[in-house]
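User: I'd like to go through this model with you and ask how each label was earned. Ready when you are.

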Amino acid sequence: MSLEIPNHIAIIMDGNGRWAKLKGMPRTYGHKAGADTLRKTLTYCGELGVKYLTVYAFSTENWKRAKEEVDTLMFLFKTYLKNEKKTLMKNNVRFIVSGREDGVSRELLKEIKNLEEETKGNTGITLNIAFNYGGRAEIVDAINKMIENNERDVTENVVEKYLYNNLPNPELLIRTSGEMRISNFLLWQIAYSEIYVTETHWPDFDKNELLKAIESYKKRDRRFGGVK
């Protein structure tokens, strides 16, 4: 199948808890299944030629959840970092994280930094995990950095240099599990992203669902505010 592939896909990985509830299992069971789906989706995107994949793993608001669930999410992320290193290196994946360090354990931050350093020379797909991330927080942090550096002539290009990771803006934003909201994700970057929402819960998101999203994107008339 010949597809017009987005350079950058962003995904709000929603529905782990609801998926688990439907199966009579705790929410943590859904998060474990969601981690497996991320692994598969990264592979699919790499095979299709996507250059950047940004996924929403943990928001600045998620700290409000039950301690057991937060602890599980932290454990899963730490486990992912340790277990996926060989696979990321084998598949030439560059790994980066976008988000605040506040509240994250020193041990986990060390694991993040180590994996970022080890994969920085990889030239395949870039996996950007939004972790302890909030779109408003990112913009606030960028403004504070600009103030610290005495930026005077602030343009959009200047602002983008101060975002967590200055990546190309995503052409396609996918949200699973049917919710029709942005949830404070990439507020600056998705100004002109095409949005695709599927009722499929994240653990059930597969290659077929990804291709549906890309096919929908392909049919869009992207005018960026202009007229054709």
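User: What makes the span of α3 close to the expected one?

Analyst: The expected span of a helix is 1.5 Å times one less than its number of residues. α3 (residues 67-90) has 24 residues, for which 34 Å is expected, and it reaches 35 Å from its first C-alpha to its last. Helices here are DSSP runs of H or I with at least four residues, strands are runs of E with at least two, and both are numbered from the N terminus. Keep in mind that this is a predicted model: local features need pLDDT of at least 70, side-chain atom pairs count only at pLDDT 80 or more, and totals for chains, interfaces and linings use all residues. Residues are numbered from 1 along each chain as its sequence is written, and side-chain values use heavy atoms, with hydrogens and water left out.

User: Where is the kink in α3 centred, and what angle is behind it?

Analyst: It's centred on Glu84, at about 50 degrees. The bend at a residue is the angle between axes fitted to the seven residues ending there and the seven starting there.

User: Which residues of α3 are called buried?

Analyst: Buried means under 20% relative accessible area, against over 50% for exposed and in between for partly exposed, with a 1.4 Å probe and protein chains only. Among those in α3 that make the cut are Leu73, Phe77, Tyr80 and the kink residue Glu84. The cover over the buried residues includes α2 (27-48), β2 (52-59) and α4 (106-119).

User: Why is one empty space called a cavity and another a pocket?

Analyst: On a 1 Å grid over the protein atoms alone, a cavity is a set of points where a 1.4 Å probe fits but cannot get out, while a pocket is an open set with protein on both sides within 12 Å along at least five of seven lines. The search finds one cavity of 30 Å³ or more, and about 90 Å³ lies in the largest cavity. The largest pocket holds about 720 Å³. Each volume is the space filled by probe spheres set on the points, which are joined across faces, edges and corners.

User: How many residues line the largest pocket, and which lie nearest its centre?

Analyst: Lining residues have an atom within 4 Å of a point. The largest pocket has 31 of them, with Met13, Tyr56, Ala57, Phe58 and Asn62 nearest its centre. α3 is one of the elements that each supply at least two residues of that lining.

Conventions
Contact = heavy atoms within 4.5 Å.
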